[in-house]
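Q: I have a model open and would like to talk through a few places in it. Can we start with one residue and work outwards?

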Amino acid sequence: MEENLEIEYKILLSREQFDNLAHYYDHLAHVYTQTNTYFTSDALQAKRIALRIREKESSYEMTVKTKAEGTGRKEYNLALTKDDARFFLEGGMKDNEITKMLKDMDINLSEITILCRLKTVRHDIPLEGGMLSLDANYYNGQEDYEMEFELSDLEEGKKTFASLLEKHKLQYTQNCQSKLTRAISSLNKK
């Protein structure tokens, strides 16, 4: 299982801003589609734990995100076989490093259900100090556009992000809501 501290800046974009950025960085971008399936339970919500399975380019990964000390979120990722992913995606739960971690946090696995699915067409662009991702997101009959900049180097990443904002005339005050929060909000509007 892989563990890392996720520190990122995120802003919502208009379709025009997204298209302009995607065109500007087209020569550097790796473009692919990923599908996130989010899970929920009362205990996961109460502890503000995000659980998902991501399918990306014929690979599968189970991820848990928890609040980190200070800045960012702790992210735990576990590669899954296609068969194991299918088992979880069909509502089953079985033992692995992540489900063991959830049990250790007093999460009852039998109460976990699928919340929603979100498809993203992502453009990954490696830049100094981090990875710029331009996302077109589709969920619950909605679509939105987002720019994420995940820092690999805190100081260089902050400078690069500031430069991105200035160069492309974008505004940042704080991170926008997460994809999961936006997807949940769209469910509540139905």
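Q: Where does Ser 41 sit?
A: In this predicted model, Ser 41 lies in the loop between β3 (30-40) and α2 (42-46).

Q: Is Ser 41 buried or exposed, and why?
A: Ser 41 counts as buried because its relative accessibility is 5%, and the cut-off for that class is under 20%.

Q: What does its side chain reach?
A: The side chain of Ser 41 comes to 3.1 Å from the backbone nitrogen of Leu 44.

Q: And which residues does Ser 41 touch, leaving out those up to four places away in sequence?
A: With those left out, Ser 41 touches Ile 107, Glu 111 and Ile 112.

Q: Moving back into β3, how does it pair with β7?
A: β3 and β7 (residues 113-127) pair in the antiparallel sense, and 11 bridges join the two strands. Within that pairing, Thr 37 has Arg 117 of β7 as its bridge partner.

Q: What about β4, how many bridges there?
A: Six bridges join β3 to β4 (residues 50-56), and these two strands also run antiparallel. Here the bridge partner of Thr 37 is Ile 53, so Thr 37 has a bridge partner in β7 as well as in β4.Q: Changing topic, which residues of α1 are buried?
A: In α1 (residues 15-24), the buried residues are Phe 18, Leu 21 and Ala 22. They lie on the same side of α1, because the arc they cover around the axis is only 100°.

Q: Is there a general reason for that kind of spacing?
A: An α-helix has 3.6 residues a turn, so residues three or four places apart point the same way.

Q: Which residues are on the other side of α1, and what do the buried ones pack against?
A: On the other side of α1, Glu 16 and His 23 are exposed. The buried residues of α1 pack against β2 (8-13), β7, β8 (130-139), β9 (142-151) and α5 (154-168), and β7 is also the strand that pairs with β3 over 11 bridges.

Q: Now the whole chain: how many helices and strands are there?
A: The protein chain has six helices and nine strands. Its radius of gyration is 17 Å, close to the 16 Å that the globule rule gives for 190 residues, so the chain is as compact as a globular protein of that length.

Q: What does the C-alpha trace span, and how much of the chain is buried?
A: Along its principal axes the C-alpha trace spans about 50 × 35 × 30 Å, and buried residues make up 45% of the 190 residues.

Q: Last one, what area does the chain expose?
A: The protein chain exposes about 10600 Å², of which carbon and sulfur atoms supply 46%.

Key. Residues are numbered from 1 along each chain as its sequence is written. This is a predicted model: local features need pLDDT of at least 70, side-chain atom pairs count only at pLDDT 80 or more; totals for chains, interfaces and linings use all residues. Side-chain values use heavy atoms; hydrogens and water are left out. Helices (H or I, at least four residues) and strands (E, at least two) are DSSP runs, numbered from the N terminus. Buried means under 20% relative accessible area, exposed over 50%, partly exposed in between (1.4 Å probe, protein chains only). A polar contact is a pair of N or O atoms within 3.5 Å; within protein, one must be able to donate a hydrogen and the other to accept it, and residues adjacent in sequence count only if both atoms are side-chain atoms. Contact means heavy atoms within 4.5 Å. Two strands pair if DSSP finds at least two bridges between them. The radius of gyration is taken over C-alpha atoms; the globule rule is 2.2 Å times the number of residues to the power 0.38. Accessible areas come from the Shrake-Rupley method with a 1.4 Å probe; for residues, only the protein chains shown count as cover. The arc is that of the directions from the helix axis to the C-beta atoms.
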